[in-house]
Structures are given as C-alpha cells and as structure tokens.
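Reader: I would like to go through this model one feature at a time. Please give the general idea first and then the case at hand.

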Amino acid sequence: MANKTIDGYIAGLEGWQAEVASSVREIVRGAAPEAKEVIKWTQPVWETSGPFCYLKAWKNSVNLGFWRGVELEDPKGLLKGSGKTMRHVKLTSIDDINPDALADLVQQAVELNLAKGDPTKHS
C-alpha cells in the first residue's frame, strides 16, 4: 500500500489537497527538522518526544492538527476545535497557508513535548 509513507499519502491526494499537504509538510520539516515523520492512525504524524502534529485530508479540507493545541499561543486565530486538548488548522486552499504562523505553532508544539513528554502517555 503506497500510503504507508508520507510520500505515498501525499501522492494519493489530488489537486489542491496534494499541493496543500506538500506545502504543510515542508513547513513542518523546516520548523522541526529533528522531528520523525511517520504514518500513524492512517495519517502523517510528526514526533519529537511523542506526536506533536498530524496532517489529515478530508473531502473539503486538509487539517494540520496539534495534540496540545489548547496550550498553543495562536495570535492569528488559526486553531479550531472544541476538544479537551487537541486543535487543528483547517486549510481549504493553498491560499489559506500562513507559513510563519504554522511554523510558530509547530515550534511551540515541539517545545511543549520536550517540556512535558509524550501527550499520548497518561501519567
């Protein structure tokens, strides 16, 4: 199955979704070059001291999600969601991408994981 890799996942997307996913991947890589890229829960996930963000393509959007989203400073108001801990940025076109704001969210997420450990492990 091709999408057992992030390259395969992105290759399985069409048009604007592939463009958005590829651009977001480059932003995450630039903001967190030490992060490990994996496929978990059928989607691309980036890990440093546990998972800190994921990419998920939906029918009408591509979401960049954060495990500790509620803890992130979000001056641009990009984060959406109502769960207890997670938040996501909903992208519906390449024009929705704010590279600096996304890179800042990624860097904050990495710092939180380094300080607090794996967000999927309950103490």
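Author: Start with what counts as pairing: two strands pair if DSSP finds at least two bridges between them. The model is predicted. In it, strand β3 (residues 51-57) and β4 pair in the antiparallel sense over 5 bridges.

Reader: Which residue of β4 is the bridge partner of C53?

Author: F66 of β4 is the bridge partner of C53. The two strands are joined by a hairpin, with 4 residues leading from β3 to β4.

Reader: How many bridges join β4 to strand β6?

Author: Strands of a sheet pair through backbone hydrogen bonds, in a parallel or an antiparallel way. Between β4 and β6 (residues 87-91) there are 5 bridges, and the two strands run antiparallel. Two residues of β4 help to fix the register: G65 has H88 of β6 as its bridge partner, and V62 has L91.

Reader: What is the order of the strands in the sheet?

Author: The sheet is open and has 6 strands in the order β1-β2-β3-β4-β6-β5, with antiparallel pairing. β1 (36-40) and β5 (79-80) are at the edges with a single partner strand each, so one side of each has no neighbour in the sheet.

Reader: How should I read the part of the sheet that starts at β1?

Author: Follow the bridges strand by strand. β1 and β2 run antiparallel and are joined by 5 bridges, with V45 in β2 as the bridge partner of V38. Their hairpin has 2 residues between the strands, and W41 in this hairpin takes a positive phi near 55 degrees. From β2 the chain goes on to β3 through another hairpin, this one with 3 residues between the strands. S49, in the turn, has a positive phi of about 55 degrees. β2 and β3 pair in the antiparallel sense over 3 bridges, and W46 stands opposite C53 in β3. C53 also has F66 of β4 as a bridge partner.

Reader: Is β4 covered on one face or on both faces?

Author: In a regular strand the side chains alternate between the two faces of the sheet. Buried here means under 20% relative accessible area. In β4 (residues 62-66), 5 of the 5 residues are buried. V62, L64 and F66 lie on one side and N63 and G65 on the other, so by that cut-off both faces are covered.

Reader: How many residues of β2 are buried?

Author: In β2, 5 of the 5 residues are buried, so the strand is largely enclosed by the rest of the structure. Q43, V45 and E47 are on one side, P44 and W46 on the other, and both faces are covered.

Reader: Which strands does helix α2 lie across?

Author: Helix α2 lies across β1, β2 (43-47), β3, β4 and β6, and runs at about 30 degrees to β4. The helix covers residues 15-31, 17 residues in total, and reaches 25 Å from its first C-alpha to its last, close to the 24 Å expected. Its buried residues are Q17, A18, V20, A21, V24, R25, I27, V28 and A31.

Reader: Which strands does helix α3 lie across, and what covers its buried residues?

Author: Helix α3 (residues 99-116) lies across β3, β4, β5 and β6, running at about 140 degrees to β3. The cover over its buried residues includes α2, β3, β4, β5 and β6. Among these buried residues are A101, L102, L105, V106, A109, V110 and L112, along with Q108 and N113. α3 has 18 residues and reaches 26 Å, close to the 26 Å expected at 1.5 Å a residue. Just after the helix, G117 takes a positive phi of about 90 degrees.

Reader: How do the elements run along the whole chain?

Author: From the N terminus they run α-α-β-β-β-β-β-β-α, giving 3 helices and 6 strands. The radius of gyration is 13 Å, close to the 14 Å that the globule rule gives for 123 residues, so the chain is as compact as a globular protein of that length. The C-alpha trace spans about 40 × 30 × 25 Å along its principal axes.

Reader: What share of the residues is buried, and what share of the contacts is long in sequence?

Author: Of the 123 residues, 47% count as buried. Among contacts with a separation of 6 or more, 54% come from residues 24 or more positions apart. The accessible surface comes to about 6,800 Å², and 49% of it belongs to carbon and sulfur atoms.

Technical notes: Residues numbered from 1 in each chain as written. Predicted model: local features only at pLDDT ≥ 70, side-chain atom pairs only at ≥ 80, totals over all residues. Heavy atoms only, no water. Buried < 20%, exposed > 50% of the residue type's maximum accessible area, 1.4 Å probe, protein only. Expected span 1.5 Å × (residues − 1). Rg over C-alpha atoms; globule rule 2.2 N^0.38 Å. Contact = heavy atoms within 4.5 Å. Areas by Shrake-Rupley, 256 points an atom, 1.4 Å probe, with all protein chains shown as cover. Axes fitted to C-alpha atoms, helices over the stretch in contact; angles between N-to-C directions.
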